[in-house]
Amino acid sequence: MTRGNQRETDRQRAQARKAQGKQKDDGLTPEQRRERDAKALQEKAAKKAEQAAGGGATTDSKNKGNAKK
């Protein structure tokens, strides 16, 4: 029951998949990444609060046309 070169090709495929997962590296330190993410969350929260205070015009597509009559 020899496997030929299947084991070697599987190793190569595994390395290729592992290399694809590493593309998210943005060159930031964890502290810089936390600051960036915190700023984005603050902006998102401010936008949502502004939208809520502006009359409640939402872009929620879940309840469009589903009003019971």
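**Exercise 1. Determine how many residues of helix 2 are buried, and compare the span of the helix with its expected value.**

Solution. Begin with the burial count: among the 24 residues of helix 2, the number of buried residues is zero, and the helix is hardly covered. Here, buried means under 20% relative accessible area, exposed means over 50%, and partly exposed lies in between (1.4 Å probe, protein chains only). The structure is a predicted model, in which local features need pLDDT of at least 70 and side-chain atom pairs count only at pLDDT 80 or more, whereas totals for chains, interfaces and linings use all residues. Residues are numbered from 1 along each chain as its sequence is written, and side-chain values use heavy atoms, with hydrogens and water left out.

Next, take the span. Helix 2 covers residues 30-53 and reaches 34 Å from its first C-alpha to its last, close to the 34 Å expected at 1.5 Å a residue. The expected span is 1.5 Å times one less than the number of residues. Helices (H or I, at least four residues) and strands (E, at least two) are DSSP runs, numbered from the N terminus.

**Exercise 2. Characterise the surroundings of R36.**

Solution. First, locate the residue: R36 lies in helix 2. Second, assess its exposure: with a relative accessible area of 40%, R36 is partly exposed. Third, list its contacts (heavy atoms within 4.5 Å): leaving aside residues up to four places away in sequence, R36 touches D26 and L28. Finally, the side chain of R36 meets that of D37 in a salt bridge, at 3.3 Å from N to O. D37 is likewise partly exposed, at 37%.

**Exercise 3. State how many salt bridges the whole structure holds, and examine those of E8 and D10.**

Solution. The criterion is a side-chain nitrogen of Lys or Arg within 4 Å of a carboxyl oxygen of Asp or Glu. A search of the whole structure with it finds three salt bridges. One of them joins R11 and E8, at 3.7 Å from N to O. Both residues lie in helix 1 (residues 6-21), three residues apart, about one turn of the helix. Another links D10 with R13, whose closest N and O atoms are 4.0 Å apart. D10 and R13 are also three residues apart in helix 1. An α-helix has 3.6 residues a turn, so residues three or four places apart point the same way. As to exposure, E8 is partly exposed at 42%, and D10 is partly exposed at 31%.

**Exercise 4. Summarise the chain as a whole.**

Solution. The secondary structure comprises two helices and zero strands. Of the 69 residues, 0% count as buried.
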